[in-house]
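Reader: I am new to this structure and would like to learn how to read it. Could you take me through some of its features, one at a time?

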Amino acid sequence: MEYILSPSLLACDFSDIEQELQQLKEAGVEWVHLDVMDGHFVENISFGAPVIRSIRKKTDLFFDVHLMVVEPGRFIKQFAEAGANLISFHVEATDQVTETIDKIHSFGCKAGVVCSPDTDVEEILRYADQVELLLIMCVQPGFGAQTYLEQSTAKIARARQYLTANGLSTYLEVDGGVNMSTLKTVLKAGADVIVAGNAAFSGGNIVANVEALRKAGEKE
C-alpha cells in the first residue's frame, strides 16, 4: 500500500545534516519527523525551535514536528515560526487539548494529537475530527532504537476502523520500533504515515534504506 514515510531526524548525523537532507530528497521523501523533548514530559532532551529554524533554511521538506513537552500550548508560536508544517502533541501533556489544537491552526499549521503506549487510543479518537493527524506511539516516548510494542497493533487497527467509519481523512501515523520486520504489521493494521529512525538512516545509505522500506510497503 502507499504510505508517507517521515524519517526521524533524531537518528540522522547532525554533523552532515545538509547532505542527509539532500539524500532524503533524492530518495523521494517528502516529510521529515522532528522530535522535540523537554527533559520533563520525557527523560531525554533533544532540540528546540532554534535548531528547527536552522534546518528549515536547508530544505523545503514537510516538517512533521512532534512535541514531547509539558504544556505544549506554550510553545506553538515559536515552532510555527521556526518552520513547522504540522505540530503534534501528547494528550497526556495538557488538560487544554482543544485549545492547543485551535492555537496550532491559528498559526496556519496542521495539528496532530498523540497517545503514549499506556494511554487508551480513545483519548485521541475523540479529537479525530478536529485534527489532521493522529499519532500512536508504539514505544515509550523519549528514546530511539526501542522494540515495537505488540499491543500497539490493536490500537492502530481501532483507530483505522474509527476513521473509516466516520469518513475522516485524518492521517494515522505510527512512531517507534518500525523497521523492515514490523512495517507490514503497522501497514496492515491501517497506518498511513510511518516514522522511521534507524531504519532510514542506519549504515549511511539513506537512499537505499528508503527504497527498501518502500518496496516492503508495496508488498502489502
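Reader: Which residue lies over the face of Phe-63?

Author: In this predicted model, that residue is Arg-56, at 3.6 Å from the centre of the Phe-63 ring.

Reader: Thanks! And how do I read two rings that meet each other?

Author: A pair of aromatic rings is described by the distance of the centres and the angle of the planes. Here the count is 3 aromatic pairs. One of them joins Trp-31 and Tyr-171, with 5.3 Å from centre to centre and 85° between the planes. That pair is edge-to-face, because its angle is over 60 degrees.

Reader: Where along the chain do Trp-31 and Tyr-171 sit?

Author: They come from distant parts of it: Trp-31 belongs to strand S2 (residues 31–37) and Tyr-171 to strand S7 (residues 171–175), 140 residues apart. Ring pairs also bring in Phe-62, giving a cluster of Trp-31, Phe-62 and Tyr-171.

Reader: Is Trp-31 buried or exposed?

Author: Trp-31 has a relative accessible area of 6%, so it falls under the 20% cut-off and counts as buried. Its partner Tyr-171, at 29%, is partly exposed.

Reader: How should I think about a backbone angle that looks unusual?

Author: Start from the general rule: most residues other than glycine have a negative phi, and most peptide bonds are trans. Now look at Glu-71, which is not a glycine and yet has a positive phi of about 50°. You will find Glu-71 in the loop between strand S3 (62–68) and H3, and it is partly exposed, with a relative accessible area of 44%.

Reader: What does the side chain of Lys-77 contact?

Author: Lys-77 is in helix H3 (residues 76–82), and its side chain makes a polar contact of 2.8 Å with the side chain of Glu-81. Lys-77 is partly exposed, at 44% relative accessible area. You can also find Lys-103, 26 residues away along the chain, with 8.2 Å between the C-alpha atoms of the two lysines.

Reader: Last one: how do I look for empty space?

Author: Rolling a probe the size of a water molecule over the atoms shows where empty space is left. The second largest pocket here holds about 250 Å³. It is lined by 11 residues, and those closest to its centre are Glu-2, Tyr-3, Ile-4, Leu-5 and Arg-214. Strand S1 (4–7) and helix H9 (206–218) each give two or more residues to this lining.

Reader: How many residues of that lining are nonpolar, polar and charged?

Author: The lining of the second largest pocket has 6 nonpolar, 1 polar and 4 charged residues.

Technical notes
Residues are numbered from 1 along each chain as its sequence is written. This is a predicted model: local features need pLDDT of at least 70, side-chain atom pairs count only at pLDDT 80 or more; totals for chains, interfaces and linings use all residues. Side-chain values use heavy atoms; hydrogens and water are left out. Rings of Phe, Tyr and Trp (its six-membered ring) pair if their centres lie within 6.5 Å; planes under 30 degrees apart count as stacked, over 60 as edge-to-face and the rest as tilted. Helices (H or I, at least four residues) and strands (E, at least two) are DSSP runs, numbered from the N terminus. Buried means under 20% relative accessible area, exposed over 50%, partly exposed in between (1.4 Å probe, protein chains only). A charge sits over a ring if NZ of Lys or CZ of Arg is within 6 Å of the ring centre and within 35 degrees of the ring normal. A polar contact is a pair of N or O atoms within 3.5 Å; within protein, one must be able to donate a hydrogen and the other to accept it, and residues adjacent in sequence count only if both atoms are side-chain atoms. On a 1 Å grid over the protein atoms alone, a cavity is a set of points where a 1.4 Å probe fits but cannot get out, and a pocket is an open set with protein on both sides within 12 Å along at least five of seven lines; lining residues have an atom within 4 Å of a point. Grid points are joined across faces, edges and corners, and a volume is the space filled by probe spheres set on the points. Ala, Val, Leu, Ile, Met, Phe, Trp, Tyr, Cys and Pro count as nonpolar, Asp, Glu, Lys and Arg as charged, and the others, Gly among them, as polar.
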